[in-house]
Amino acid sequence: MVGLANESMLSTSMLAAIRRFALRTAPTSEAIRYTTLPDERHDISLAAYRIYGDRSLFMVVLAAAGLDSVEQVMLEQDLVLPTLSQLADLRNGLAEGQAW
């Protein structure tokens, strides 16, 4: 997963692809399913750490939760997130011009 974990900001198209993944992934499909916790309401990076082991992936959680900015409160909810491998696939697909 070269580069993705080190990016502090993801492109708008990547964030949109993550959101579509979160909304369209079937219950039986491979994905990370995570229920957010009250102590993550104002610290999305904490959820990213618990999910991926990396706080810098907070934008992935933000996109999956349907939030527009880190200033928004993330209410407790069930999230569907891409695995690290799926994140790489999304990124590579966007780089190759594929529509997600």
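Let me begin with a term: a residue counts as buried when its relative accessible area is under 20%, as exposed when that area is over 50%, and as partly exposed in between. Please keep in mind as well that what we have above is a predicted model, so I will speak of computed values throughout.

With that cut-off in hand, I would like to start from Glu 40, which has a relative accessibility of 0% and therefore counts as buried. Glu 40 is also charged company for Arg 50, since the two form a salt bridge in which the closest N and O atoms are 2.9 Å apart. In that pair, Arg 50 sits in helix H2 while Glu 40 sits in the loop between S1 and H2, 10 residues away, and the bridge links distant parts of the chain.

Arg 50 has another partner, because its side chain also meets that of Asp 39 in a salt bridge, at 2.8 Å from N to O. Asp 39 belongs to the loop between strand S1, residues 32-35, and helix H2, residues 44-52, and it is 11 residues from Arg 50. Taken together, Asp 39, Glu 40 and Arg 50 are linked in a network of salt bridges. How buried or exposed are the other two members, Arg 50 and Asp 39? Arg 50, at 36% relative accessibility, counts as partly exposed, and Asp 39, with a relative accessible area of 44%, is partly exposed too.

The structure holds four salt bridges, and one of them that I would also like to show you joins Glu 76 and Arg 41, with the closest N and O atoms 3.3 Å apart. Glu 76 lies in the loop between helix H3, residues 58-64, and strand S2, residues 78-81, whereas Arg 41 lies in the loop between S1 and H2, so this pair ties together parts that are 35 residues apart in sequence. Glu 76 is partly exposed at 38% relative accessibility, and Arg 41 is partly exposed at 27%.

Let me now turn to the interior. In the largest nonpolar core, which has 27 residues, the ones that touch the most other members are Ile 18, Val 60, Val 61 and Leu 81. Helices H1, H2, H3 and H4 and strand S2 each supply at least two residues of this core, and H3 gives the most, with seven. As general background, nonpolar side chains in soluble globular proteins tend to be buried together. If we follow Leu 81 and leave out residues up to four places away in sequence, we find that it touches, among others, Phe 21, Tyr 34, Ile 51, Val 60, Val 61 and Gln 86.

Gln 86 brings us to H4, whose buried residues are Gln 86, Leu 87, Ala 88, Leu 90 and Gly 93. What covers these buried residues includes helix H1, residues 12-24, along with H2, H3 and S2. The 12 residues of H4 should span 16 Å at 1.5 Å a residue, and the end C-alpha atoms are 17 Å apart, which agrees.

Finally, what does Thr 83 contact, leaving aside its neighbours within four places in sequence? Thr 83 is found in the loop between S2 and helix H4, residues 84-95, it counts as buried at 15% relative accessibility, and its contacts are Glu 30, Ala 31, Ile 32 and Tyr 52.

How values were computed. Residues numbered from 1 in each chain as written. Predicted model: local features only at pLDDT ≥ 70, side-chain atom pairs only at ≥ 80, totals over all residues. Heavy atoms only, no water. Helix = DSSP H or I, 4+ residues; strand = E, 2+ residues; numbered from the N terminus. Buried < 20%, exposed > 50% of the residue type's maximum accessible area, 1.4 Å probe, protein only. Contact = heavy atoms within 4.5 Å. Expected span 1.5 Å × (residues − 1). Core = buried A, V, L, I, M, F, W, Y, C linked by side-chain atoms within 4.5 Å.
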